[in-house]
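Open the model in your viewer and keep the selection panel at hand. We will go from one stop to the next, picking residues as we go.

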Amino acid sequence: MTSYVENETSVEFDFDTKEILDAVMGQVLLTENCPYEAQVNLLITDEEGIHQFNRDYRQIDAPTDVLSFPMISFEREGDFGAAEQNEADCFDPESGELLLGDIIISAPRVIEQSKRYGHSIKREFAFLVAHSMFHLCGYDHMEDEQAKVMESKQEQVLIALGITREN
């Protein structure tokens, strides 16, 4: 498992962002029974940066808290078979790892939402990573039933890691 973190902001969290990414990534992949070692990139940006990504790639002219850019076109959530069919596009030729995709998180939103929801900044950051990781595994939340499944899975991952609303 490989992850890369780039923080293009002046925000410094009081926890190791790569450590949290790796823990959440590992737990999500375990939960989803991913048969491959995987690779994920995380960019921590500001409101202006995430606004620009949202506008350029999703045609939504507004900032948001997290964006996910999956590298795999899943036919069904958590079914990594599509990666095998597109091996040249889905695996790093050097490491052999599955290229899951990219995550972009707004540092100011992490801080603001942790205050709004009454939990730690670490918990909010981990939640956004978990949310995005499930998107990278083919999940969505456009319909109520999909949202319930995704929310349940996110919560299970955070509980398994001991990252709860209390800490």
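Start by selecting residues 47–58, which form helix 2. Bear in mind throughout that this is a predicted model. Helix 2 has twelve residues, and the distance from its first C-alpha to its last is 16 Å, close to the 16 Å expected at 1.5 Å a residue.

Now look at the two ends of this helix. At its start, show the side chain of D46: one of its oxygens comes to within 3.3 Å of the backbone nitrogen of E48. At the other end, click on Q59, the residue that follows helix 2, and check its backbone: phi is positive, near 55 degrees.

Which residues of helix 2 are buried? Colour G49, I50, H51 and N54 to see them. To find what covers these buried residues, add strand 2, strand 3 (66–70) and strand 4 (98–106), which are among the elements involved.

**Next stop: T45**

Select T45, which lies in strand 2 (residues 38–45). Is T45 buried or exposed? T45 counts as buried because its relative accessibility is 0%, and the cut-off for buried is under 20%. Turn on side chains here and you will find a polar contact of 2.5 Å between the side chains of T45 and E8. Then expand the selection to what T45 touches, leaving out residues up to four places away in sequence: E8, T9, I50, I104, I105, S106, A107 and P108. You have already met I50 as one of the buried residues of helix 2.

**Across to helix 1**

Jump to T17, in helix 1 (residues 17–31). T17 has a relative accessibility of 15%, so T17 also counts as buried. Which residues does T17 contact, apart from its neighbours within four places in sequence? Select V5, I44 and F125 to display these partners.

**Last stop: the largest pocket**

Finish with a surface view. Rolling a probe the size of a water molecule over the atoms shows where empty space is left. The largest pocket has a volume of about 310 Å³. Its lining has 14 residues, and those closest to the centre are R58, V66, L67, H135 and H141. Strand 3 and helix 6 (121–136) are the elements that each give two or more residues to this lining. Strand 3 gives the most, with five residues. For a final colouring, split the lining by residue type: six are nonpolar, five polar and three charged.

Definitions and conventions:
Residues numbered from 1 in each chain as written. Predicted model: local features only at pLDDT ≥ 70, side-chain atom pairs only at ≥ 80, totals over all residues. Heavy atoms only, no water. Helix = DSSP H or I, 4+ residues; strand = E, 2+ residues; numbered from the N terminus. Buried < 20%, exposed > 50% of the residue type's maximum accessible area, 1.4 Å probe, protein only. Polar contact = N/O pair within 3.5 Å; in protein donor to acceptor, adjacent residues only side chain to side chain. Contact = heavy atoms within 4.5 Å. Expected span 1.5 Å × (residues − 1). 1 Å grid on protein atoms, 1.4 Å probe; cavity = no way out; pocket = protein on both sides within 12 Å on 5 of 7 lines; lining within 4 Å. Points joined across faces, edges and corners; volume = space filled by probe spheres on them. Nonpolar A, V, L, I, M, F, W, Y, C, P; charged D, E, K, R; others polar.
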